[in-house]
Amino acid sequence: MRDAQATTIYLKDYRVPDFLIDKTDLHFELFESHTLVHSRLAMRRNPQAPSNKAALQLDGAELELVSLSIDGSALSGSAYQINGETLTIPDVPAQFELACTTRIEPHNNTSLEGLYKSSGMFCTQCEAEGFRKITWYLDRPDVMSVYTVTVDADAARYPVLLSNGNLVATENLANGRHRAVWEDPFKKPAYLFALVAGDLERVSDSFVTMSGRKVDLHIYVEAKDVDKCDHAMTSLKNAMRWDEEVYGREYDLDIFNIVAVDDFNMGAMENKSLNIFNTSCVLASPGTTTDAGFQRVEGVVAHEYFHNWSGNRVTCRDWFQLSLKEGFTVFRDAEFSADMGSPVVKRVEDVSLLRTAQFAEDAGPMSHPVRPDSYMEISNFYTVTIYEKGAEVVRMIHTLLGPEQFRKGSDLYFERHDGQAVTCEDFVRAMEEASGIDLTQFRHWYSQAGTPELEVSGHYDAAAETFALTVKQNCRPTPGQKEKQPFHIPLAMGLLGDAGALPLTLRGVQPDTETADNTHTVLHVTEPEQTFIFEQVKEAPVPSLLRGFSAPVKLYYDYDRDDLLFLMQQDTDGFNRWEASQQLGVLALKDMIAAHRKGEGCALDSRLITAGQSLLCDESLDPAMVALMLTLPSEGYLAELMQPVDVLANHAARQQARLELAIALNGELLATYRRLSMAQGEYQPTAEQIASRSLKNLCLQYLMLLPDEHSLQLCLEQLATADNMTDRLSALVALLNSDYEKEKALALQQFYQQWQHEPLVINQWFQVQATCSRPGTLTRVHELLNHPAFEIRNPNKVRAVIGAFCGQNAVNFHQTDGAGYRFLADQVIALNSINPQIAARLLGPLSKWQKYLPEQQALMKAELERIAACAGLSRDVYEVVSKSLAE
Ligand code: B3K
Ligand code: ZN
């Protein structure tokens, strides 16, 4: 583990590298007790560097240096110094070969960064700075090199030897060992290097690219999982086709490999032609994987594939530019998933994540711009801001330019920067130059943190037939950024009247004759305060604002509840119909929360019941949309709207509202449940079936709130007879959150018995227990940590138990005695030395302590202080804890 050093790295200090590495030749000798890494680097001084005298400084961490030479002459100990993570050789020629041998111990590497072992196989994770745990190198993304990799290992234990690019030679060696040599013709930064050695089965297919080249596609998995690769393979081929059709991007090698590993810090990694995946993001089968799991596999496979252009062919100059590849690639995968399924449902899911997780991050101590100015540990910056807000920024560019100009911009970006390591600025400039649209003010989205707030008010003048919409924007201070410049915000909108969508005539703006739809427009909000006047408005309209969530902002408009009901039914924008249902839910819940805090009773707004009835009775509606609109705003979203957050009151009020809905809609819920249960054929992860299951299972959750034996029977029957994991797990969740203690215990036990040999299913079994909102869950979570299937070294298990309890079970995590906080701090302290990245990530819920009630704040802060006082904190944990406690 690397000890905390409170050094901060600044974007303003960026300098071009002093040296370049034209060729990288690596030879790995893999053994059980250690690995020897022999590297030969063809290096030269960078002609762009300001000095031709600079010492050579290489990056390395936790390495045992065996030998070091320049142009064949071994360096004596006095010819170089090692200081922390830097090896300095003061005196080097203009051009030379550096040869170096290091000894590392992958089996003892629990950080899962660099070269490590997972379930008996060797694998790597080098982004962001893991390569330096393999050998001394210029481990920075603007140093790009051509790699040749030789791997030697025991042939029986590790029959499969993989690296990037093409296999150019294989050989049998003495002592039962064998060798494979791989060459990657494309220059790449070290973070895209990968190596795998293991006993794996291969599932194969192929794809013919738009120019007629055949690409071999392989997915490598453990033998027991070969039957779970079809969905990933189909998703990969769909993604390859989609990138050709939508972006004109073709795959560039004759081989594309995916390897599934059990122990992985995140979802997957886009290493050039050798993607390494968390098993949870590649394996899928109806019996073991939920609908959400199938969709995640599709999305992650596509995301990693899309990185081949947005990330690999054009990469980042430095890690401050991370969102250049991640924001763009998330935007690309979101559009892909929308095209493969239901665009509105996908948008609702993404916006829900953004408004809970990202808005919370942006309001907390770790708030940072999409292009951060500084960091201590880059691993802490793989955040919802870099990914999801970054994707929203690209989406806004898409909205401002329109699809054709955006495509011209992306073509220019890829062509101009192919093979380069570039910046967010380069991306924006390409978009600007290709479209002729000025994005000067828009650039604040990259440099300013925080969520802009829009206060919007409308005024209808019947005599003048005008509707004036006044928009004020404001962005609260964030750490290190007190004052903000106004943002350029695309505000998509329309006006609705009794007869439907009204034609829009905006004063001072020439109507766009090219767009067929004159009832929809995008306003350019650029000033602190601005008024837009619509003319020839014949009736008082209800505005439909921020359609499709056209900008990542908080929008306030003083709707009355009947207007929201009207928008729910009449808005021509599907996303905003859902949004109206949420805002109506928020108003209703706020009344109930306020009453609850005063110890008073308050009935649910009957509009929600009326709306629920008409949604459930209209069989022509998309069941997925009905399910989303019948789901009350989440506790996470409610928390975002309040300061301070009274977690227990929010939970109690929402539970009461759900119960009232269940009682009032009992008949409709039951009829819908029956109708949708009967309609299903053999399981398919299609948008249509997923939609139908989502509504059916929502009905079941509501019905199980009712204290009636009939619901219990439905639930138990679904649990016993389901042919797919979505239905089975939904029934289990409904049961776990009920009062039927005996049935629960039996169901949990049977589920475990049945699925104990499927780790990914057991993770779901862990998770549903850890997220159960009933009292006593923390005790159960403690028991789960001692369960034989739990492994603290496996990130999926840690996320399923500890992460799920602390991040998705607010009512139990925030229990008043502070036991939830103590539990999290204990786990972070334990994980700090095992896996710093995972430890730091778990801290999220504690770091936002300032959002809560004073007594909770004090308890949370005390736990952060307890962590801060520990010796040997990793840089990862140190950064989050110290920033959380900073004044
Ligand atoms: N680029 C990787 C993330 C690497 C995270 C390193 N701590 C996965 C992705 O976004 O595609
Ligand atoms: Zn990515």
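A disulfide is a pair of cysteine sulfur atoms within 2.5 Å. The exercises below concern a predicted model, in which local features need pLDDT of at least 70 and side-chain atom pairs count only at pLDDT 80 or more, while totals for chains, interfaces and linings use all residues. Residues are numbered from 1 along each chain as its sequence is written, chains are lettered from A and ligands numbered from 1 in the order in which they are written, and side-chain values use heavy atoms, with hydrogens and water left out.

**Exercise 1. Determine how many disulfides the model holds, and examine cysteine 123 and cysteine 715.**

Step 1. Under the distance rule, the count of disulfides is zero.
Step 2. For cysteine 123, the closest cysteine sulfur belongs to cysteine 126 and lies 10 Å away, which is too far for a bond.
Step 3. Cysteine 715 is likewise in no disulfide, since the nearest cysteine sulfur, in cysteine 772, is 13 Å away.
Step 4. Burial means under 20% relative accessible area, with exposed over 50% and partly exposed in between, using a 1.4 Å probe and protein chains only; cysteine 123 has a relative accessible area of 0% and is buried, and cysteine 715, also at 0%, is buried.

**Exercise 2. Identify the protein donors of the zinc ion (ligand 2) and place them in the chain.**

Step 1. Donors are N, O and S atoms within 2.8 Å of the metal (3.2 Å for Na, K and Ca), and because water is not among the atoms, sites may look incomplete.
Step 2. The zinc ion (ligand 2) has as its protein donors His303 through NE2, His307 through NE2 and Glu326 through OE, at 1.9 to 2.1 Å.
Step 3. Along the sequence, these donor residues follow the spacing H-x3-H-x18-E.
Step 4. Histidine 307 and glutamate 326 link distant parts of the chain, 19 residues apart: histidine 307 sits in the loop between helix H2 (291–306) and strand E22 (315–316), and glutamate 326 in helix H3 (residues 322–340). Helices (H or I, at least four residues) and strands (E, at least two) are DSSP runs, numbered from the N terminus.
Step 5. Histidine 307 and glutamate 326 are both buried.

**Exercise 3. Describe how H3 packs with helix H4 (residues 343–362).**

Step 1. The axes of H3 and H4 are 7 Å apart, at an angle of about 140°, where axes are lines fitted to C-alpha atoms, for helices over the stretch in contact, and angles run from 0 to 180 degrees between N-to-C directions.
Step 2. Angles under 35 degrees count as roughly parallel, over 145 as roughly antiparallel, 65 to 115 as roughly perpendicular and the rest as oblique, and H3 and H4 are therefore oblique to each other.
Step 3. With contact meaning heavy atoms within 4.5 Å, Ala334, Ser337 and Ala338 of H3 meet Pro343, Lys346 and Asp350 of H4.

**Exercise 4. Classify the crossing of helix H14 (residues 647–664) with helix H15 (residues 666–679).**

Step 1. The two axes come within 4 Å and cross at roughly 75°, which makes H14 roughly perpendicular to H15.
Step 2. Leu661, Ala662, Ile663 and Ala664 of H14 make the contact with Asn666, Glu668 and Leu669 of H15.

**Exercise 5. State how far helix H28 (residues 875–885) is covered, and by which elements.**

Step 1. H28 is mostly covered, eight of its 11 residues being buried, among them Arg875, Val877 and Leu885.
Step 2. The buried residues of H28 pack against strand E23 (374–375) and several helices, including H24 (819–834) and H27 (854–868).
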